[in-house]
Amino acid sequence: MKKLHIYSLLLFLCCSLQVAAQVDWHNPMSGNEPYICGRAWNQEIGKVYNRLPERFKNTVTKSVWNLSHQCGGLSVRFVSNSRNIKVRYGRTFIADYCNMAALDHSGVDLYGKTADGIYHWIGTHMSWKWTNDTVTMEWQRLSPPNYKNRGIEYELYLPPYNGLKYLEVGVDKGSTFEFIGQSIERPIVIYGSSIIQGASPSRPGNMITNMIERDLQYPIINLGFSGSARMEPAIFDALSEINARAYVIDPMPNSFRMERDTIINRAKKGILKLRSKSNAPILMVESHPMPDKVFRADVDAMYRKADKFYHEAYEQLKAEGVKKLFYLSSNEIPFTEDAMIEGSHPNDIGNRAYADAYEKKLREMLPEDKWNKRYPPITQRRDGCYEWMLRHNAVLKLNHTTNPEILMIGNSITHFWGGNPQMGNCNGAKAWKQTFGNRRVTNMGFGWDRIENVFWRIFHGELEGCSPKHICLLIGINNYADKEEDIAQGVVDLAKLIRERQPQAKLHVIKIYPAKNREEKVARINKLIEQKLVCDNMTELVDLSACLTLKDGSGKIDPACFGSDGLHPNEVGYEALGKVLKKHLK
């Protein structure tokens, strides 16, 4: 019997080791720069899960400094084709908040994106283990809607009210895995109270800032500090260091007890500090509505009195000529009586209402990013030879560091020609060299891109940080199933957007190349583009179709210029295209 117990124990240990060996673990702190999204100063902060760099320790309040070690708004992004995902991490303390669920204050939350860029939440179904030292959460037997079995891009939201000693992401052994870092595009920066830090939805994904990040798809920097949003000058000094797309200042749930002059003076001084460093739009937000004001009119009166002082600061700033200043009043936050958990913090319903109010105002603040009605901007991961988001990040970096002379915007036809950044297939390297020589060129072709994907890329910074002399746009063949009128109008709308953002560059709108068995519809689309596009000395329509078609006048593609798919040019085709295009890029 004793031997039987020993054998059973050995069998158990062997099985345990075998199970452990079936998981590959990945650490987001493994790169030269941490793979942490949702924070400024990422490289400076380094390989800890904090939200402020060490140099702020002696300038911000002790409370703000301590709260900056909690992970509100931080996330980790990665790509994997694993059917099982496991996350294990060490908490810095055992939290015990009466007004928050443990899954919110100390849990993590996972979302996945389809190949066409749509977010979906994924539940653990209670597959977890919580101990004093470690939390392990699992997402098992995933059956994602893969495109060509490529796997899924995931976003893992970190605990808003706890710090992390470490974190690892585990996937099935042998599965593909790659972290995706935060892009260098300008973020929306949100400063506020515990409501912004993450109290009190049921889970991190339902925080206000995380919902806004998914809906608008801009990076969000969460600088919410529980009970400590009192508009101190040191906070605005920190905010002013961030090259923001927009600022949101939402301190009143913590500042409402301050005197009138203090509220006005701190708000004005802070806003003026931001404006001295940045031209980004600024949103001032009042305290939330009071859902229980029928029976607690006293509390509502205190909040509204303070909001009145805050609004005075806004009016004074406007009178003093501060531009791009916006205001969100409490009555614009559509709370119902079901929106809060105890009268101070919103639940899931309240967080959604808050996020909707923010998003409506942010869209008003960013009119240059108004979505195209036919082709709303979105990401994609349809092509198996490269990672779309990694290429986006690489393009941003290249355009900010090399100041390219020429930008080549397009889909795989442009992508696979050659040049930098080098990712995926290259079918025309020799022709690329012959065409561009030593000129600084960024290849902004993305395999499988459609018109809507190019809209997303432009809205997310790919035309920033550079002043090119020439921009070439070739897009539309992957929208082939759409109406001809829509495709043509989409190309023209993109051209208008590019001209607005890069007025000094000459824009060369290239007619869609013919493709096998698609020649006639492509020709009709190109005719519509020709009719719609307004050309001048800075915008021209370039027709390169003759480089790729038979000389018999049929309009059919010349197979000698294409690969086997009749869509992507080969070296011969790229050489023919380059010889003509080169004449337009002097």
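These questions and answers walk through a predicted model, from its cores to its sheets and aromatic pairs. Residues are numbered from 1 along each chain as its sequence is written, and side-chain values use heavy atoms, with hydrogens and water left out. In this predicted model, local features need pLDDT of at least 70 and side-chain atom pairs count only at pLDDT 80 or more, while totals for chains, interfaces and linings use all residues.

Trainee: Which helix gives the most to the largest nonpolar core?

Mentor: A nonpolar core is a set of buried Ala, Val, Leu, Ile, Met, Phe, Trp, Tyr and Cys residues joined through side-chain atoms within 4.5 Å. Buried means under 20% relative accessible area, exposed over 50%, partly exposed in between (1.4 Å probe, protein chains only). The largest core has 94 residues, and Ile 188, Ile 212, Tyr 358 and Met 408 touch the most other members. Eight of its residues come from one helix, residues 484-501: H16.

Trainee: How are helices and strands named here?

Mentor: Helices (H or I, at least four residues) and strands (E, at least two) are DSSP runs. Their numbers count from the N terminus.

Trainee: Which Asp does Tyr 358 touch?

Mentor: Contact means heavy atoms within 4.5 Å. Residues up to four places away in sequence are not counted for Tyr 358. Its contacts include Ile 190, Ile 196, Ile 208, Ile 212 and Leu 328. The Asp among them is Asp 250.

Trainee: Which strands stand at the edges of the sheet E5-E4-E8-E2-E10?

Mentor: Two strands pair if DSSP finds at least two bridges between them. This open sheet has five strands, with antiparallel pairing. Each edge strand has a single partner, so one side of each is left without a neighbour in the sheet. They are E5 (119-122) and E10 (177-180).

Trainee: Which residue in E8 stands opposite Arg 77?

Mentor: Strand E2 (residues 75-80) and strand E8 (residues 152-157) pair in the antiparallel sense. Six bridges join them. Opposite Arg 77 in E8 stands Glu 155.

Trainee: What angle does the direction of helix H12 make with that of E10?

Mentor: Axes are lines fitted to C-alpha atoms, for helices over the stretch in contact, and angles run from 0 to 180 degrees between N-to-C directions. Helix H12 (residues 388-402) packs on the sheet and touches E4, E8 and E10. Its direction and that of E10 make about 40°.

Trainee: Which strands stand at the edges of the sheet E1-E9-E3-E7-E6?

Mentor: This too is an open sheet of five strands with antiparallel pairing. The twist averages 20° from one strand to the next. Two strands have a single partner each, so one side of each lacks a neighbour in the sheet. They are E1 (23-26) and E6 (128-130).

Trainee: What is the bridge partner of Trp 128 in E7?

Mentor: E6 and strand E7 (residues 134-139) pair in the antiparallel sense over three bridges. In E7, the partner of Trp 128 is Met 137.

Trainee: Which residue in E19 stands opposite Cys 472?

Mentor: Strand E18 (residues 470-474) and E19 run parallel, joined by four bridges. Strand E19 (residues 506-510) is mostly covered, with four of its five residues buried. Opposite Cys 472 stands His 508.

Trainee: How many degrees lie between the planes of Tyr 314 and Tyr 327?

Mentor: Rings of Phe, Tyr and Trp (its six-membered ring) pair if their centres lie within 6.5 Å; planes under 30 degrees apart count as stacked, over 60 as edge-to-face and the rest as tilted. The structure holds 21 such pairs. Tyr 314 and Tyr 327 form a tilted one, 4.9 Å centre to centre. The angle between their planes is 40°.

Trainee: How far apart in sequence are the parts that the Phe 335 and Tyr 354 pair ties together?

Mentor: This pair is edge-to-face, at 5.6 Å centre to centre and 80° between the planes. Phe 335 lies in the loop between E15 and helix H11 (348-365), and Tyr 354 lies in helix H11. Both residues are buried. The parts tied together are 19 residues apart.

Trainee: Is Trp 65 buried or exposed?

Mentor: Trp 65 lies in helix H3 (residues 62-67). Its contacts include Leu 52, Pro 53 and Phe 56. At 7% relative accessibility, Trp 65 counts as buried.
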